[in-house]
Amino acid sequence: MAEQQQFYLLLGNLMSPDNNIRKQSEEAYDNIPGQTKITFLLQAIRDVACAEEVKTMAAVLLRRLLSSSFEEIYPGLTVDMQTAIKTELVTSIQTEASPNIRKKVADIAAELCRNLIGGWGGGRNFPGIFGNQQQHYMDVIKRMLVQCMQDQDNPQIRTLAARAAASFVLSNEGNAALLKHFSDLLPGILQAVNESCYQGDDSVLKSLVEIADTAPKYLRPNLEATLQLSLKLCADTNLTNMQRQLALEVIVTLSETAAAMLRKHTAIVASIPQMLAMMVDLEEDEEWAMADELEDDDFDSNAVAGESALDRIACGLGGKIVLPMIKQHIMTMLQNPDWKYRHAGLMALSAIGEGCHQQMEAILNEIVSFVLLFCQDPHPRVRYAACNAIGQMATDFAPTFQKKFHDKVISALLQTMEDQTNPRVQAHAAAALINFTEDCPKSLLVPYLDSLVQHLHVIMAAKLQELVQKGTKLVLEQVVTSIASVADTAEEKFVPYYDLFMPSLKHIVENAVQKELRLLRGKTIECISLIGLAVGKEKFMPDASAVMQLLLKTQTDFNDLEDDDPQISYMISAWARMCKILGKEFQQYLPVVMGPLMKTASIKPEVALLDTQDMENMSEDDGWEFVNLGDQQSFGIKTAGLEEKATACQMLVCYAKELKEGFVEYTEQVVKLMVPLLKFYFHDDILLWEYLGLRVRVAAAESMPLLLECARVRGPEYLTQMWHFMCDALIKAIGTEPDSDVLSEIMHSFAKCIELMGEGCLNNEHFEELGGILKGKLEEHFKNQELRQAKRQDEDYDEGVEETLQDEDENDVYILTKVSDILHSVFSSYKEQVLPWFEQLLQLVVQLICPSRPWADRQWGLCIFDDVVEHCSPSSFKYADYFLRPMLQSLCDTSPEVRQAAAYGVGVMAQYGGDNYRPFCTEALPLLVGVIQSPESKVKENVNATENCISAVGKVMRFRPECANVNEILPHWLSWLPLNEDKEEAVHTFDFLCDLIESNNPIVLGPDNANLPKIFQIIAEGVANESVKSEDACSKRLANVIRQVQGSGGLWTQCVSTLNEKQQKAVQDLLTA
């Protein structure tokens, strides 16, 4: 009983307004075993003497427990315990006096049912309320919904019927025939939307938003009416802001889910002025310009909603549609005497940059000149908006923007940063400068360094004084980041300014210890580490020790920092930069750094399925964010710490990459952390806050081959154990990863791991699973191409759709390249013994090289067969009938990428293929020479293919001289050298050239060594272009050739005289390497 009372006290403390009490209570609650939690929470709900707010909290926690931890807790309970829970819940529903608690208990019971029927997402998978009889009752269902929506006496029935009709449509979103059959319900739904909004009920409007999102084509027959209704509601100022924004959301969502359908409707034109009108809905605020705290955007405000809608609609419909619609409106607004209109016009320009990129780029000169005028506007909020537009354009149009407008923009921003009377404007000008310098080519920024540094130093000194005198910090925070950004871009050119800033920056870190200065301190730590990285180890080393001590002191206090302390992520990134600066010397700090870093990387987010009422009890201020799932339900994620988790995972990757074997002590704990993070998303397809989840999974994938490299030093047994721990998870992740960017990273890492581990690293089960997955990826590739072709036949097909389809195609091809990478690693490790396994994929790869396939398919299909020849010969010849003829024909393909893959294939045939390939090497030679001698062979897009042809000719002469008239071809081949673009093939050609020179080949050397000056030029050009590097084996052989000539005075002078200055330096470098 005493324990239960203590638990009630704990529940009360969980609702405490005092952060410390609440945090301690959360920790105490988290430490209670799951089974005990369930018992105590049920008792609290049933206890009639318990206060209602405590019972409410108990109900919310129990439902959350069943939502987020069902699999961990419920199956481990005894059958009696499970029965008791069900009985308790049913009894409570029958006997509970409070309607609020009764509803909460019913929700808990529903959550339990949902899990028992089929996992968290089971609600989507088990049959609807009509079961398998739905088709039988179709007309009855439709008649019932129509009658109810026409019930003139009961507005509530009409509203409920419309919601039921919308839910029915949504639950059958994939059934085109059913949606067509029910299309005549839509006018009734639209009428109910209109009626219910004026009764203060936006539930039907929310359903319409869901239809626009999930089943947009259902709206097609009444699209004009849908748009007109949405525009009418959006324009009606008698409705609440939320209702108006929801009406706008219908249009914006359609622009994303059915852009082509929407582009054909003229009513869409009217939505642009509506969004702009919302953006003008701003309040006068005399304190605005002096505010020292940046508050988050008020997403409930019309201005923010209008701006967000404009951004999304521009991206959805594209610039061809949106820019002509909006341009004149913006120009008119910018000339309005009311500051709110000028502000909205500039913010609108910021919002449409991404979606209207191509069209705005064509008139960027006109836009930038106009925007810069507003940096001098009399109203501070307009000047702020001008800085915002400049910063956004600097990002959206980089680096063109920086190249064209550097002089005007830097000057305007530095002038605006001097606005001492309006700190908010000053800070935003500094923020725009950060955007500008981040993407500015170094060569463009260097001439402005003196002026930039001078301005930044003056402002920083003044703001440091203000911090001491008044406690204001906003501008100082941004200026510190501006200095960091300038240093990051300027790199070693920042060395002369280092001593100007470093003492002040260290002073801030030492003294800015108050809670309200946490962000300033974090940004200063970032600035110091970025400057250190920019100027290099030599310049930074005198300060390195002091900086490390400052970081160590902060690190010692790390455990006392609150979860949302902004210093955490800055510290984590700063340590990684220090690691890059110090290299191996950083290893000594790992014992201090790794504990907090692992703790942060191990953060587990809290999740919950909530109804509207639950959400009201949980504040977004407590770190909860919500995704609307429809039907009054939301998915809640406690996001506090997730940004830091993602950063920490990326930093672990950095340590493994930089320190290699120096990181070996930590490889085991890091691999145990990282492998499960390959699945860092939540139940079913509801991904964790998308961007953060992707970052974590990418870091997990990247870490795998790096950790294996670190672990090598411990010997083969330790390495194999680590590989076994990660191998299954990597293969499964390739099969299940839903995001193509993450998938490509996982596949790339898996291929690197195979190359690192070599033969024997995969067992039969691995091969079986991998074969099935790769087969699935190739089949999906072909299926996706068919689907795209079908979309090209769709009635809504237009240029905008084609752009989207081409983006999808590029994504697909990128995954195909990763399939090729994995096969390359398997072939290079296992050689001929893997061919029987490969045969399950053979027909799909043959399909890739069919003449009718797109060029990228043929390129990568040939690359796979190139690997088969290179690594699995002579056995590869048994597949010759599948690929030899297409490969030879591809030497003359119109696509240079295909020619390159085919030429490489001929080269490896000659080098590794064996006798069976001799006739084909002979047949290929004239085709290769034809490509090389083509008039367009050396233009940029063709040069790689041409160089592969030159290399292939060399390989045929070197490895299959019987297939070529070597004496006739050699002079031509020599005239084609050196290779400058394809470094790998360049090494092969230089190796062969060394063979020929060392054997005193008379054709190559010429009579009386007459060709030596030409040979010198080839070698010098190759070294100057870094086609040959000092670590390449042939560089020593080339150096020996030069030394031999050096000994024969006159010939040496003659050879050197033909070289330009750069080539002469290259020869000297080669001799001294």
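Me: Why is D796 called buried in this model?

Reply: In this predicted model, D796 has a relative accessible area of 7%. Buried means under 20%, so D796 is classed as buried.

Me: What makes the contact between R220 and D796 a salt bridge?

Reply: The side chains of R220 and D796 meet at 2.7 Å, N to O. The definition asks for a side-chain nitrogen of Lys or Arg within 4 Å of a carboxyl oxygen of Asp or Glu, so the pair qualifies. R220 lies in the loop between α12 and α13, and D796 in the loop between α39 and α40, so the pair ties together parts that are 576 residues apart in sequence.

Me: Why is R220 called partly exposed?

Reply: The relative accessibility of R220 is 24%. Partly exposed covers the range between 20% and 50%, so R220 belongs to that class.

Me: How do you know that R788 and D809 form a salt bridge?

Reply: The N to O separation of their side chains is 3.0 Å, and the limit is 4 Å; the pair therefore counts as a salt bridge. R788 lies in helix α39 and D809 in helix α40, so the contact ties together parts that are 21 residues apart in sequence.

Me: Are R788 and D809 buried or partly exposed?

Reply: R788, with a relative accessible area of 4%, is buried, whereas D809, at 26%, is partly exposed.

Me: What makes R918 and E962 a salt bridge?

Reply: The closest N and O atoms of R918 and E962 are 3.4 Å apart, which is within 4 Å, so the criterion is met.

Key
Residues are numbered from 1 along each chain as its sequence is written. This is a predicted model: local features need pLDDT of at least 70, side-chain atom pairs count only at pLDDT 80 or more; totals for chains, interfaces and linings use all residues. Side-chain values use heavy atoms; hydrogens and water are left out. Helices (H or I, at least four residues) and strands (E, at least two) are DSSP runs, numbered from the N terminus. Buried means under 20% relative accessible area, exposed over 50%, partly exposed in between (1.4 Å probe, protein chains only).
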